[in-house]
Amino acid sequence: MANNFFRHGSIVWTAILLPIIPLIVLLSISIGSVSVPLEKSIAVLMGLGGQDVSTIIINAIRLPRVLAALAGGAALGISGAILQVFFRNPIADPYVIGVSSGSALFIAFAVFMGTSLGIGNPFSPYTLYLAGFIGALMVSLFMIFASGFVRGVTTLLIIGVAISYLASALTSILQAISDIERLHVFIFWVMGSFSGAKWVFVNFLIIALIAGLVFSLLLAKPLNAFMLSENYAQSMGINIRVVKVGTIALASFLTSVVTVVAGPVGFIGLVAPHISRYLSSSSDNRVVLPLSAIVGSIITAIADLAARTLMMPRDLPITAITAIFGAPLVIILLLKGGAT
Amino acid sequence: MLSTSRITVGYGHKVVLKDVSLDIKPGEFIGVVGPNASGKSTLLKTLARLLKPLCGVVYIDGRDMSRMTGQEVARRIGVVLTERIQPGLLSSFEIVAIGRYQYTDPFGRLTARDRVIIEDSLRATGALSLSDRRFSELSDGEKQRVMIARALAQEPSILILDEPTTHLDAKGRVEIMLLLRKLSRNKKIAIIASTHDVELAIRLCDKLIVCNEGIVKVYDVPEQLVEEGGVEELYGFNGELTFCKETLVAEPVVKDGGDFRVFVIAGGGSGLLVYRLLSRLGYFFVTGVLHKGDIDYTVARSVGARIIAEEPFREISEESFSEALRELQEANLLVYTSPPIGRLNQRNLELLSAGHALGLPIIYYARDNHIDIHLGENKIVHSISLLKDVLEEHRKKSLEKKGLSILKTE
């Protein structure tokens, strides 16, 4: 019997899907309010762009943006895939552990209360990134801590959801007492977008993604055993606590870095694992995790391209795009029954 | 191999079983029986190190299990649990491959040796043909075979199974129990399985561990449990079930009462189906004279009939005969099942004549067409279904008559 990787044709899918990524990059950097011819885009990518406007647009705005979308989508895909297995719940996504709500709360804090508390300029993106990062980090640490002693995964899931509600409640109070101008800044962040992606963050995202990907491949084997049940995993000599803490740490890490850069981007983490299982017709996490990364990055980059071009020059919230196209897809996959 | 000395098992502060001392040897097939919530699962989980004993130590090969690594335990003990798993799209082969967890590299890649062991495990449980099928699409019995194969793939010396036959039909239950017995023999592994199926466990297991009311008793010979009358005690049958020691079967007792009385003359196995029919239809019936130890006696006792019995290998005594005669006078109907007649039970023929003399309606039941004795104008039936029709007709008539007489007196 051949190795799973070959048996399920996953290598075929990888071979089909991977070349799409450079195509999307090329399209993304060419399309926009300033159209750049494809040859020019290729030249810029090869470092032969020169000093003209389109080269600057590509290098400073479009390229980091599409790379951020690709890396962010991949991170969300992995995060969603491991959480669905871990919680044994097909509708789990990266945000069930409360990371984005924590992020939102701290950003709301910085935006609405920043001036009065004297924490830097509330309209500076760096203040927002920092606040978002601290919020995500705090929720992550709490969830990692909780995963170390909470016995059932369902309890952990409920804790995550409860934290989300708590953070959202506090956020809504802050929103209620704030002025319109600040509200606008905040709402824009909450809607989620890769529009603000700077090279610093892109590098940070890519390094985080690579680390996360490697770690996720190490988690794939214990997660496969986890799919049977926690007791079965334990009976095979797996240290349950390490797997729990590792899974929550990885998922919250990946989700946090994306959330900090782009805000909450919905649906990718839910739909990418389902599509991957459907394509590979496998539930083997050694196949599903890397495939979810690829599928997640492709969908996110396409959605981002659509978000900024459908109603040019306005940027639409990316979650709106992913949901409009993703929701029917999820329903079709679930009805076909091959994806759970 | 696996032993405990006076361990206490339970959850948290709740003690479930106390002073459990076990010594399990290679190749033994051990059944764990007991009523619901008697601690079978708790005991098995403790033996598998899924729970810590509240006090005491579990030893594997003389070593304290709690001091061993997960890998060391997993290579010695394979487990099959009751929880139903939903492994998505995984195939049977992939499920069994997970059993190789402690032998593969960090990415779970299978070597040629791993594959051989996985296929051997599937073959040993008769599940090799299921390899490529999705686990979620298998029947309960097939799933159980795959899960046992998965445990075998750990190359354990001990297999612990929590109620492996619970979701299965009658055939599946027997097949799985036979499979476990065979595995214990062929692979020289100790197999410890809890089950509700005491009847099967007594027949197939080498030893029984009986959990009841916080106490564990080990029976090195399962028949001893029957001999001591322990099965009925264990399940507290409340008179609704009796456990038949001779046939090792739990028999339901139908207690409908009813005022239509049937007397059955039987013996030598000629009456047992008639007894079952009468019991199931809710007749009140008396049978005799039977010799103790006769299969008819055994069955009649199991279904809770009133029996006029004689000691084995003795001629029917005056005492039993007159008792039978008294019962006959109370009866509304006599069924004669054409038993073989010899010197020891000759007087049953006298009983038949007495019934005739009393003017009782008599039904002659004989599976073969030949009936030796036939008195008067009574019915002869050759099948149990005909017997049922005739019986019901008589009962109906009798009840109608009684109803009529009640009306008259009023």
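In what order do the six strands of the open sheet in chain B stand, and is the pairing parallel or antiparallel? Select the strands of chain B in this predicted model, and you can follow the sheet in the order β15-β14-β13-β16-β17-β18, with parallel pairing throughout.

Now colour the two ends of that order. The edge positions belong to β15 (306-310) and β18 (379-381) of chain B, and because each has a single partner strand, one side of each is left without a neighbour in the sheet. If you look across the strands, the twist from one strand to the next averages 20°.

Next, narrow the selection to one pair. Strand β14 of chain B, residues 284-291, runs parallel to β15(B), and five bridges join the two. To place the register on screen, pick B:Gly288 in the viewer and then B:Ile308, the residue in β15(B) that stands opposite B:Gly288.

Add the helices that accompany this pair. Helix α11 of chain B, residues 295-302, lies across β14 and β15 of chain B, and its direction is at about 150° to β14(B). Helix α12 of chain B, residues 318-330, also packs on the sheet, where it touches β13 (261-265), β14 and β15 of chain B, while its direction makes about 160° with that of β14(B).

Then hide chain B and display chain A, which has 15 helices and zero strands. The radius of gyration of chain A is 20 Å, close to the 20 Å that the globule rule gives for 340 residues, so chain A is as compact as a globular protein of that length. Taken along the principal axes, the box that the C-alpha atoms of chain A fill is roughly 60 × 50 × 35 Å. Colouring by burial would mark 51% of the 340 residues of chain A as buried. If you draw the contacts in chain A with a separation of 6 or more, 77% of them come from residues 24 or more positions apart.

Finally, bring chain B back and select the contact between the chains, to which chain A gives 25 residues and chain B gives 24 residues. On the side of chain A that touches chain B, the elements that give two or more residues are α10 (199-228) and α11 (230-235) of chain A. Of the elements there, α10(A) gives the most, with seven residues. Colouring this side of chain A by residue class shows nine nonpolar, 12 polar and four charged residues.

Methods
Residues numbered from 1 in each chain as written. Chains lettered and ligands numbered in written order. Predicted model: local features only at pLDDT ≥ 70, side-chain atom pairs only at ≥ 80, totals over all residues. Contact = placed C-beta atoms within 7 Å. Helix = DSSP H or I, 4+ residues; strand = E, 2+ residues; numbered from the N terminus. Nonpolar A, V, L, I, M, F, W, Y, C, P; charged D, E, K, R; others polar. Rg over C-alpha atoms; globule rule 2.2 N^0.38 Å. Buried ≥ 20, exposed ≤ 12 C-beta atoms within 10 Å, placed from the backbone. Pairing = 2+ DSSP bridges. Axes fitted to C-alpha atoms, helices over the stretch in contact; angles between N-to-C directions.
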